[in-house]
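Here are some notes for a colleague who is opening this entry without prior acquaintance. They are meant to be read beside the sequence and the model.

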Amino acid sequence: MLDQIVDGPDGWTGVDADADWAAEVRRLAAERNAVILAHNYQLPEIQDIADHTGDSLGLSRIAAETDADVIVFCGVHFMAESAKILSPEKTVLIPDERAGCSLADSITAGQLREWKAQHPDALVVSYVNTTAEVKALTDVCCTSSNAVDVVASLPADREILFCPDQFLGAHVRRETGRENMHIWAGECHVHAGISGPDLTRQAEENPDADLYIHPECGCANSAIYLAGEGLVDASRVHLLSTGQMLDEAGRQGSGTVLVATEIGMLHQLRQTAPGVDFQPVNDRASCSYMKMITPAALLRCLALGVDEVDVAVDVADAARASLERMIAIGQPGGGE
Ligand code: SF4
């Protein structure tokens with residue numbers, strides 16, 4: 001099967017996710033004593049073969065607790081880095097190291113150093129969708145579940161540099177009312193593409209539907225506006241991390257839900273609550289980086305032991321400290 005794999009413009013291809021593939025993946029995982037973790041935005045066939053699915057931080061915690069020697073992280077690169085930061089003694093593999101993230105790429109360590117130099121007394125709060133090097137320059141990390149709590153816990157007289165997501169930053173500023181907070185103008189191209197007009201149109205067409213909105217979405221402000229104007233019943237608007245969406249879906253039971261996040265999330269939601277009609281706010285909101293983890297890439301990864309993710313010890317130590325400060329504040333949830 002390995003000799004069928006080709007490197008195409010969208011990553012490794014050439015292998016179908018059939019029963020033979022599934023058996024070979026399981027055999028190779030057992031041979032390597034590997035655990036397969038899949039993010040909620042992965043292709044359905046990757047989610048289905050994984051030992052665990054979840055959000056980025058939840059999966060990193062599973063990685064830290066597992067007895068497996070090898071962690072195969074089916075997600076994007078910064079997520080595999082987080083697993084390595086929390087489990088430095090384990091081998092961490094990602095099926096395609098080219099699977100990046102436009103949000104994590106929107107601030108580099110060099111840019112953050114410059115920003116800090118302009119605000120030497122400020123505290124840095126970074127969303128977990130950042131590289132290990134950016135986390136290493138960060139005072140406290142946050143997820144979309146706890147970003148408000150993290151910022152609220154910091155001394156009111158200290159300036160805050162919040163990066164990299166401008167929509168999550170705007171949500172935090174609105175919730176905390178904090179004026180001395182500078183927000184980096186980064187965004188995820190997938191979430192930013194889920195726009196206010198998309199949401200407004202769908203909400204009008206589905207007047208009884210609940211709305212599950214990820215705070216990184218370009219439509220998050222629109223959801224707040226629609227609720228504030230009474231155009232949508234505020235009790236129907238739920239701003240949720242991906243992990244919280246699954247919890248909410250479990251309570252939902254029936255009805256229609258409009259979902260504003262990457263469309264891979266629909267697979268887990270539909271499995272969690274089969275009685276609910278989940279509809280994407282934008283059915284083109286697909287992360288091409290996440291979809292680079294193909295059946296061929298996973299097979300290649302397990303067969304050859306590639307691509308290995310490593311983080312320099314000093315960077316990992318500093319990055320781990322910013323994650324641990326976040327966990328100490330509580331309610332980390334899972335972010336994306
Ligand atoms: S959906 Fe956006 S934030 Fe998530 S991995 Fe893809 S590019 Fe990054």
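1. The ligand comes first. It is surrounded by 13 residues, and the closest are Cys101, Leu103, Cys188, Val190 and Cys287. Sorted by class, this shell holds eight nonpolar, three polar and two charged residues. Please keep in mind that the model is a predicted one.

2. Next, the core. The largest nonpolar core contains 108 residues. Those with the most contacts inside it are Ile36, Leu37, Val72, Phe73, Cys74, Ile213 and Ala260. As background, nonpolar side chains in soluble globular proteins tend to be buried together.

3. Leu37 can serve as a way into that core. With its neighbours within four places in sequence left aside, Leu37 is in contact with Ala50, Asp51, His52, Leu59, Ile62, Ala63, Ile71, Val72, Phe73 and Cys74. Among these partners, Val72, Phe73 and Cys74 are also listed with the most contacts inside the core.

4. One helix pair deserves a look. Helix α4 (residues 77–86) and helix α15 (residues 313–329) have axes that come within 9 Å and cross at roughly 95°. The crossing angle therefore makes α4 roughly perpendicular to α15. On the α4 side the residues involved are Lys84, Ile85 and Leu86, which meet Ala316, Ala319, Arg320 and Leu323 in α15. By class, the residues of this contact divide into five nonpolar, no polar and two charged.

5. Helix α8 (166–176) has several buried residues: Phe167, Leu168, Gly169, His171 and Val172. What covers them includes the strands β7 (123–127), β9 (160–163), β10 and β12 (237–239), along with the helices α7 (147–153) and α11 (220–228). Just after α8, Gly177 takes a positive phi of about 65°.

6. Arg178 lies in the loop between α8 and β10 (181–183). It counts as partly exposed because it has 17 C-beta neighbours inside 10 Å, where 20 or more would make it buried. Its contacts, leaving aside neighbours within four places in sequence, are Val151, Ile160 and Arg173. From Arg178 to Arg61 the C-alpha distance is 31 Å, with their positions 117 residues apart in sequence.

7. Some backbone details should be checked by eye. Most residues other than glycine have a negative phi, and most peptide bonds are trans. Which peptide bond ending at a proline is cis, with omega near -5°? The bond from Cys163 to Pro164 is, and Pro164 is found in the loop between β9 and α8. The bond from Val306 to Asp307 is also cis, with omega near -5°. Asp307 lies in the loop between α14 (295–304) and α15.

8. Asn33 has a phi near 50°, a positive value in a residue other than glycine. The loop that holds Asn33 runs between α1 (19–32) and β3 (34–39). Is Asn33 buried or exposed? Asn33 is exposed, because 12 other C-beta atoms lie within 10 Å.

9. Val276 is found in the loop between α13 (265–272) and β14 (277–280). Val276 has 18 C-beta neighbours inside 10 Å and so counts as partly exposed. Not counting residues up to four places away in sequence, Val276 touches Ala249, Gln252, Gly253, Ser254, Gly255 and Val257. The C-alpha atoms of Val276 and Thr261 are separated by 17 Å, and the two residues are 15 apart along the chain.

10. Cys301 sits in helix α14. With 29 C-beta neighbours inside 10 Å, Cys301 counts as buried. Residues up to four places away in sequence not being counted, Cys301 touches Val72, Leu93, Pro95 and Val306. Of these, Val72 is one of the core residues with the most contacts, and Val306 takes part in a cis peptide bond.

11. The last point concerns Asn282, in the loop between β14 and α14. Asn282 counts as buried because it has 22 C-beta neighbours inside 10 Å. Apart from neighbours within four places in sequence, Asn282 is in contact with Gly193, Ile194 and Asp198. Asn282 and Phe73 are 209 residues apart in sequence, and their C-alpha atoms are 27 Å apart in space.

Definitions and conventions. Residues are numbered from 1 along each chain as its sequence is written. This is a predicted model: local features need pLDDT of at least 70, side-chain atom pairs count only at pLDDT 80 or more; totals for chains, interfaces and linings use all residues. A residue is near a molecule or strand if its C-beta atom, placed from the backbone, lies within 6 Å of it. Ala, Val, Leu, Ile, Met, Phe, Trp, Tyr, Cys and Pro count as nonpolar, Asp, Glu, Lys and Arg as charged, and the others, Gly among them, as polar. A nonpolar core is a set of buried Ala, Val, Leu, Ile, Met, Phe, Trp, Tyr and Cys residues joined through C-beta atoms within 7 Å. Two residues are in contact if their C-beta atoms, placed from the backbone, lie within 7 Å. Axes are lines fitted to C-alpha atoms, for helices over the stretch in contact, and angles run from 0 to 180 degrees between N-to-C directions. Helices (H or I, at least four residues) and strands (E, at least two) are DSSP runs, numbered from the N terminus. Angles under 35 degrees count as roughly parallel, over 145 as roughly antiparallel, 65 to 115 as roughly perpendicular and the rest as oblique.
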